[in-house]
Amino acid sequence: GDGCGHTLLGPESGTLASINYPQTSPNSTVCEWEIRVKPGQRIQLKFGDFDIDDSDSCHSSYLRVHNGIGPTRTEIGKYCGFGFQMGGLITSKSNEVTVQFMSGTHTSGRGFLAAYSTTDKSDLITCLDNASHFSEPEFNKYCPAGCVIPFADISGTIPHGYRDSSSLCMAGVHAGVVSNTLGGQINVVISKGIPYYEGSLANNVTSKVGPLSTSLFTFKTSGCYGTLGMESGVIPDAQITASSILEWSDQTGQVNIWKPENARLKRVGPPWAAFISDEHQWLQIDLNKEKRITGIITTGSTLAEYYYYVSAYRILYSDDAQKWTVYREPGMDKDKIFQGNTELYQEVRNNFIPPIIARFFRINPLKWHQKIAMKVELLGCQFSIGRAPKITMPPPPQNKNDDKNDDFSDDFIHSVKTSLQTDKTTFTPEIKNTTVTPSVTKDVALAAVLVPVLVMVFTTLILILVCAWHWRNRKKKTEGTYDLPYWDRAGWWKGMKQFLPTKSAEHEETPVRYSSSEISHLRPREVPTMLQTESAEYAQPLVGGIVGTLHQRSTFKPEEGKEASYADLDPYNSPIQEVYHAYAEPLPITGPEYATPIIMDMSSHPSTPLGVPSVSTFKAAAGNQAPPLVGTYNKLLSRTDSTSSAQALYDTPKGQPGPGAADELVYQVPQSVAHSTGSKDE
């Protein structure tokens with residue numbers, strides 16, 4: 001009928017609109033669409049916009065949907081209303097649906113725009129949906145065929161992204177993600193907007209320049225859109241040939257040759273140009289082996305004085321350069337005519353959905369401005385050889401329009417790929433696009449998780465080893481040659497440090513000086529120790545009381561009735577026995593307190609047997625002058641702990657006879673180091 005507007009009915013999806021949409025539809029018009037899909041499938045219908053006059057309660061202006069086609073069809077529903085919001089989808093009971101639009105006498109009403117698909121496309125959207133209609137940062141939707149519509153706008157390009165006000169499906173066609181004649185799935189990623197959106201021409205869709213927006217969107221694909229070597233020079237000159245070459249002389253007599261190897265995109269200088277401008281000219285590229293070709297970019301001459309460019313062309317491909325196949329889209333019985341350039345500078349991109357798998361690629365210009373001249377670049381990736389099952393080609397799309405609409409549809413429905421000669425080129429491969437965010441496969445996702453974890457683990461181990469090494473070095477520096485290990489410095493082991501020959505800052509002792517005769521009696525290995533020793537450390541009693549049991553090495557008074565004897569000092573005189581310094585045992589709570597031991601030279605003590613090495617003792621009888629000493633010994637000067645008498649030289653133990661007692665109390669004091677062994681006089 002005369003009420004049909006933009007229409008493209010594909011094998012699995014399509015788009016239909018009333019005449020003059022989105023402007024007011026004319027009076028007294030009618031249109032009927034018959035939609036068929038594969039047997040066994042059902043059809044779902046979704047409205048993107050619905051605005052039909054309902055002043056007469058859907059009597060003269062309405063939209064009616066039927067199950068089936070022809071006289072046996074049954075009505076699903078009849079709809080009208082201004083700004084009518086259709087809740088959900090209208091679903092058929094079979095694989096055929098009839099949509100009938102009737103426009104009576106009215107003064108307003110845009111009509112409608114709807115999309116359809118098979119019921120397995122649960123995420124169907126219409127050509128009017130844009131990114132601002134969805135709140136998710138990433139989502140998948142199904143775009144119907146026929147979304148290249150003259151009344152929708154897009155701003156932006158790949159790889160920078162599209163403005164959020166752009167039609168999602170129309171931008172998908174522009175980006176080369178979906179085909180306008182087939183539709184397809186899109187994976188959309190939302191991100192922060194940019195101040196300026198560029199415009200470009202791609203896949204017969206013109207993107208306009210756009211201003212700042214809050215957000216933008218890109219399409220996530222698996223990628224196969226790298227350049228194949230025309231611009232970079234990977235493809236050598238010998239592999240670029242042409243049907244003819246333009247050769248001419250300018251006014252100065254210089255010969256100009258626009259050879260095929262000049263047809264490299266962005267290469268400075270003249271392009272390739274054909275000597276004869278007709279539909280039989282071609283530019284051929286040998287890729288040296290089979291490649292997956294997903295797109296082509298073309299420009300004109302790029303020389304301002306030569307306004308030459310190709311505005312339309314066909315694509316042919318071959319494996320042997322002998323038998324050529326013209327590119328057609330699936331389900332089409334016509335060669336696809338690609339839109340070329342509209343001026344000599346602008347880069348125009350066209351994508352192949354599905355991709356071409358071939359070694360030899362040929363461009364056949366059909367329309368041009370003044371002369372055939374162009375520069376090109378091919379997009380794609382390496383092709384892994386593998387067999388795939390053949391697919392059944394769907395029937396061609398249905399176009400039910402008046403004569404005027406038939407001409408409009410020809411602009412959008414082009415030729416079809418018919419590469420069915422080999423198994424590997426007959427299946428529909430996955431759509432790829434490297435100019436947008438690529439999807440991550442399972443292996444890549446696993447690697448993306450494992451690699452950072454392994455790096456963190458190894459880094460942690462290295463840090464632990466480094467810290468342990470530094471800690472060990474610091475421990476070695478802080479521990480002296482004679483110092484105790486760090487694990488022995490706790491508890492009662494602290495007391496043992498008093499008897500080791502190391503300098504301690506915790507005690508303030510009077511230095512001990514050794515005579516040369518003492519050093520001469522030491523074993524060789526003990527001499528350095530004797531010389532290095534600066535102080536003798538003695539245990540200090542912390543509590544008072546009666547000494548219970550004192551051993552030979554005790555620095556305190558022995559038990560009552562037991563006379564101290566120098567003969568008991570055998571452990572100090574043994575040449576083979578290791579000498580260990582005993583530590584003081586604490587005194588009970590009650591009992592006499594004893595003074596700090598004072599080391600004196602007792603060589604002339606009356607009870608000392610001859611031949612016995614002198615040992616340091618102290619005297620309990622205060623006020624008595626020490627007798628002269630025999631032998632060469634140094635005296636250790638010490639302070640007295642008693643403050644009761646200024647004349648007392650020695651402290652008197654509590655409970656013992658005072659000064660002037662007949663018996664002198666002599667106490668044995670261990671030496672800091674072992675004395676050399678001497679002979680005893682019996």
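**View 1. Phe 151 is partly exposed, its relative accessible area being 25%.** Here buried denotes under 20% relative accessible area, exposed over 50%, and partly exposed the range in between (1.4 Å probe, protein chains only). The model is predicted: local features require pLDDT of at least 70 and side-chain atom pairs 80 or more, whereas totals for chains, interfaces and linings use all residues. Residues are numbered from 1 along each chain as its sequence is written, and side-chain values use heavy atoms, without hydrogens or water. The model contains 20 aromatic pairs (Phe, Tyr or six-membered Trp ring centres within 6.5 Å; planes under 30 degrees apart are stacked, over 60 edge-to-face, the rest tilted). Tyr 21 and Phe 151 make an edge-to-face pair, because their ring planes stand at 80° with the centres 5.3 Å apart. This contact joins distant parts of the chain, 130 residues apart: Tyr 21 belongs to the loop between β2 (13–18) and β3 (29–36), and Phe 151 to the loop between β10 (138–143) and β11 (156–157). Tyr 21 has a relative accessibility of 10% and is therefore buried.

**View 2. Tyr 306 and Tyr 308 form a tilted aromatic pair.** Their ring centres are separated by 5.9 Å, and the planes meet at 45°. Tyr 306 is partly exposed at 21% relative accessibility, whereas Tyr 308, with 12%, is buried.

**View 3. Trp 33, Phe 47, Phe 50, Phe 101 and Phe 112 constitute one aromatic cluster.** The cluster brings together the rings of one tryptophan and several phenylalanines.

**View 4. Strand β27, residues 373–382, is mostly covered.** Of its 10 residues, eight are buried. Strands are DSSP E runs of at least two residues and helices H or I runs of at least four, numbered from the N terminus; two strands pair if DSSP finds at least two bridges between them. β27 pairs in the antiparallel sense with β22 (residues 283–299) over eight bridges, and Lys 291 has Gln 382 of β27 as its bridge partner. Strand β17 (residues 226–227) is antiparallel to β27 over two bridges, with Thr 227 opposite Leu 379. Strand β21 (residues 272–273) likewise pairs with β27 in the antiparallel sense, over two bridges, and here Trp 272 is partnered by Met 374.

**View 5. The charged end of Arg 362 is placed over the ring of Trp 324.** The distance to the ring centre is 4.1 Å. The criterion is NZ of Lys or CZ of Arg within 6 Å of the ring centre and within 35 degrees of the ring normal. Lys 78 lies over the face of Tyr 62, 4.3 Å from the ring centre.
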